[in-house]
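Here are my notes on the model you sent round. Please read them with the structure open.

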Amino acid sequence: MEEASDLLEAQRRQALQRLASLTGDFHEVVAASRDSNADDEHDPEGATIAFERSQVTSLAQQVQEQLAEIEAAFDRLSAGTYGICQRCAQPIAPARLQARPAARTCITCAQLRTT
C-alpha cells in the first residue's frame, strides 16, 4: 500500500501544480479583460477573452475534481478499502491501480458505467 500512497501523492502534487498554473492563467485572462472593452457582444476580442476565461475555469474545475478523487482514494487507503471495487466489491487489478491510482471501480464495472 506504500506504493499506492506514493502514486497518489505524486498525482496530488501534479494536480496542485496544474491548479496553480491554471489559477495564474485565469488571473492573466482577467487582467487582460480589464484593459479591453467590457461589451463582449460588440468587441471582437471580448468573445475570445470570455472563451478563454471559461476554458481556464473549466480546466481548473476538472483539476479540483481530480484532487477530490485523490483525497477519496487516500480515505479508502486509510479505511483499508483501497483497491476494492465500490460497485462489485472485487479487487481492482494492480495494473489499473498503477495507471489510475484513484480508481474506485474495477475495469469491468467502469466499462459497464460507460455503456
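The points below cover salt bridges, cysteines, pockets and one contact across the chain.

1. Status of the model. This is a predicted model. Please read every distance and area below as computed from that prediction.

2. Salt bridges, overall. The structure holds three salt bridges. Side chains of opposite charge can pair when their charged atoms come close. Points 3 to 5 take the pairs in turn.

3. E9 with R12. These two form a salt bridge, with the closest N and O atoms 2.8 Å apart. Both sit in helix α1, three residues apart, so about one helical turn separates them. E9 is partly exposed, at 26% relative accessibility. R12 is buried, with a relative accessible area of 19%. The cut-off for buried is under 20%, so R12 falls on the buried side of that limit.

4. R12 with E71. R12 also forms a salt bridge with E71, and here the closest N and O atoms are 2.8 Å apart. R12 belongs to helix α1 and E71 to helix α2, so this pair ties together parts that are 59 residues apart in sequence. E71 counts as partly exposed, at 33% relative accessibility.

5. E69 with R104. The closest N and O atoms in this salt bridge are 2.8 Å apart. The pair links distant parts of the chain: E69 is in helix α2, while R104 is in the loop between α3 and α4, 35 residues apart. Both partners are partly exposed: E69 has a relative accessible area of 31%, and R104 has 29%. Which residues do shared partners join into one network? They are E9, R12 and E71.

6. Cysteines. How many disulfides does the structure hold? Zero. A disulfide is a covalent bond between the sulfur atoms of two cysteines. Why is C85 not bonded to C88? The C85 sulfur has its closest cysteine sulfur in C88, but the distance is 3.7 Å, and the cut-off is within 2.5 Å, so the two are too far apart for a bond. C106 gives a similar reading: its closest cysteine sulfur is in C109, at 3.6 Å, which is too far for a bond. C85 is buried at 3% relative accessibility. C106 is buried as well, with a relative accessible area of 10%.

7. Largest pocket. Its volume is about 290 Å³. It is lined by 14 residues, and the closest to its centre are E69, R100, A102, A103 and R104. The elements that give two or more residues to this lining are α2 (44-79) and α4 (107-114). By type, the lining divides into five nonpolar, four polar and five charged residues. Note that E69 and R104, both close to the centre here, are the salt-bridge pair of point 5.

8. Second largest pocket. This one has a volume of about 180 Å³. M1, E3, A4, L7, Y82, G83, P94, L97 and Q98 line it. Helices α1 and α3 (94-99) each supply at least two of these lining residues. The lining splits into six nonpolar, two polar and one charged.

9. D6 and P101. D6 lies in helix α1, which covers residues 2-34. D6 is partly exposed, with a relative accessible area of 47%. How many residues separate D6 from P101 in sequence? The count is 95, yet their C-alpha atoms are 9.6 Å apart in space.

Conventions: Residues are numbered from 1 along each chain as its sequence is written. This is a predicted model: local features need pLDDT of at least 70, side-chain atom pairs count only at pLDDT 80 or more; totals for chains, interfaces and linings use all residues. Side-chain values use heavy atoms; hydrogens and water are left out. Helices (H or I, at least four residues) and strands (E, at least two) are DSSP runs, numbered from the N terminus. Buried means under 20% relative accessible area, exposed over 50%, partly exposed in between (1.4 Å probe, protein chains only). On a 1 Å grid over the protein atoms alone, a cavity is a set of points where a 1.4 Å probe fits but cannot get out, and a pocket is an open set with protein on both sides within 12 Å along at least five of seven lines; lining residues have an atom within 4 Å of a point. Grid points are joined across faces, edges and corners, and a volume is the space filled by probe spheres set on the points. Ala, Val, Leu, Ile, Met, Phe, Trp, Tyr, Cys and Pro count as nonpolar, Asp, Glu, Lys and Arg as charged, and the others, Gly among them, as polar. A salt bridge is a side-chain nitrogen of Lys or Arg within 4 Å of a carboxyl oxygen of Asp or Glu.
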